[in-house]
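Trainee: I would like to take a close look at one single part of this protein, and at how the rest is arranged around that part. Please walk me through it slowly, residue by residue where that helps.

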Amino acid sequence: GWSYDNIIFLDEVGFDNKDMIRKKGYAIKGQRIIYRGEFTRKERSSLLCFLGVNGIAGVYSTVGTFDRLKFMAYCRDFALMSGKVHQYPGSH
């Protein structure tokens, strides 16, 4: 029969450190703002997360963003290899 354990949600998230740039600083009126510290931009990372009622069921990561081929390959891998996805026993 059907239960909430049958539901899997998929979420894709990406992040980098561009939001870590200081947007405020200090200066004497009329002079340029002084920033402290150095900043180097890191590569973007993306996660593809499969979530069930009991928590995280699977996570895939890539440097950069997911293209269509990577996205489909990871979805296929989760569906076929994780052991958490089963064919519906009834008629389709």
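Mentor: Happy to. One definition comes first: a residue is buried when its relative accessible area is under 20%, exposed when that area is over 50%, and partly exposed in between. Please also keep in mind that this is a predicted model.

Let us make the sheet our part, and begin with the overall layout. The protein has one helix and three strands, and from the N terminus on these elements follow one another as β-β-β-α. Of its 92 residues, 13% count as buried. Among contacts between residues at least 6 apart in sequence, 45% join residues at least 24 apart.

Now the sheet itself. It is open, its three strands lie in the order β1-β2-β3, and the pairing is antiparallel. At the edges we find β1 (9-15) and β3 (55-63), each of which pairs on one side only. On average, and with direction ignored, neighbouring strands are turned by 20° against each other.

Take the β1 side next. Seven bridges hold the antiparallel pairing of β1 with β2, and β2 covers residues 45-52. You can follow this pairing through two residues: Leu10 has Phe50 of β2 as its bridge partner, and Phe15 stands opposite Ser45 of β2.

Between β1 and β2 there is a loop, and Glu43 is one of its residues. Is Glu43 buried or exposed? Its relative accessible area is 64%, so Glu43 is exposed. Even so, Glu43 has partners beyond its sequence neighbours: leaving aside residues within four places, Glu43 is in contact with Phe15, Asp16 and Val63. Lys18 is another residue to find here, since its C-alpha atom is 9.7 Å from that of Glu43, although the two are 25 residues apart along the chain.

On the other side, β2 and β3 run antiparallel and are joined by eight bridges. A hairpin of two residues leads from β2 to β3, and Leu51 has Ile56 of β3 as its bridge partner.

My favourite residue for a close look is Ser46, which lies in strand β2. Its relative accessibility is 2%, so Ser46 counts as buried. What is Ser46 in contact with, once neighbours within four places in sequence are left aside? The partners are Val13, Gly14, Tyr60, Ser61, Thr62, Gly64, Thr65 and Phe66. Compare that list with the edge strands, β1 (9-15) and β3 (55-63): Val13 and Gly14 are on the list, and so are Tyr60, Ser61 and Thr62. The Ser46 side chain also has a polar atom 2.7 Å from the backbone oxygen of Gly64.

While we are in β2, look at Cys49 as well. Cys49 counts as buried because its relative accessibility is 14%. Cys75 counts as buried too, at 19% relative accessibility. How many disulfides are there? The count comes to zero, by the rule that the two cysteine sulfur atoms must be within 2.5 Å.

That leaves the helix that accompanies our sheet. Helix α1 (residues 68-81) lies across β1, β2 and β3, and runs at about 150° to β3. With 14 residues, α1 reaches 19 Å from its first C-alpha to its last, close to the 20 Å expected at 1.5 Å a residue. Just after α1 comes Gly83, with a positive phi of about 80°.

Finally, let Lys70 show you how α1 meets the sheet. Lys70 lies in α1, and its relative accessible area of 30% makes Lys70 partly exposed. Not counting residues up to four places away in sequence, Lys70 touches Thr62 and Val63. With Thr62 there is also a polar contact between the two side chains, at 2.6 Å. The C-alpha atom of Lys70 is separated by 9.9 Å from that of Tyr60, 10 residues away along the chain.

Seen together, two of our residues share a partner: Thr62 is in contact with Ser46 and is touched by Lys70. Val63, in turn, is touched by Lys70 and is in contact with Glu43 of the loop between β1 and β2.

Note on methods
Residues numbered from 1 in each chain as written. Predicted model: local features only at pLDDT ≥ 70, side-chain atom pairs only at ≥ 80, totals over all residues. Heavy atoms only, no water. Helix = DSSP H or I, 4+ residues; strand = E, 2+ residues; numbered from the N terminus. Expected span 1.5 Å × (residues − 1). Pairing = 2+ DSSP bridges. Axes fitted to C-alpha atoms, helices over the stretch in contact; angles between N-to-C directions. Contact = heavy atoms within 4.5 Å. Buried < 20%, exposed > 50% of the residue type's maximum accessible area, 1.4 Å probe, protein only. Polar contact = N/O pair within 3.5 Å; in protein donor to acceptor, adjacent residues only side chain to side chain.
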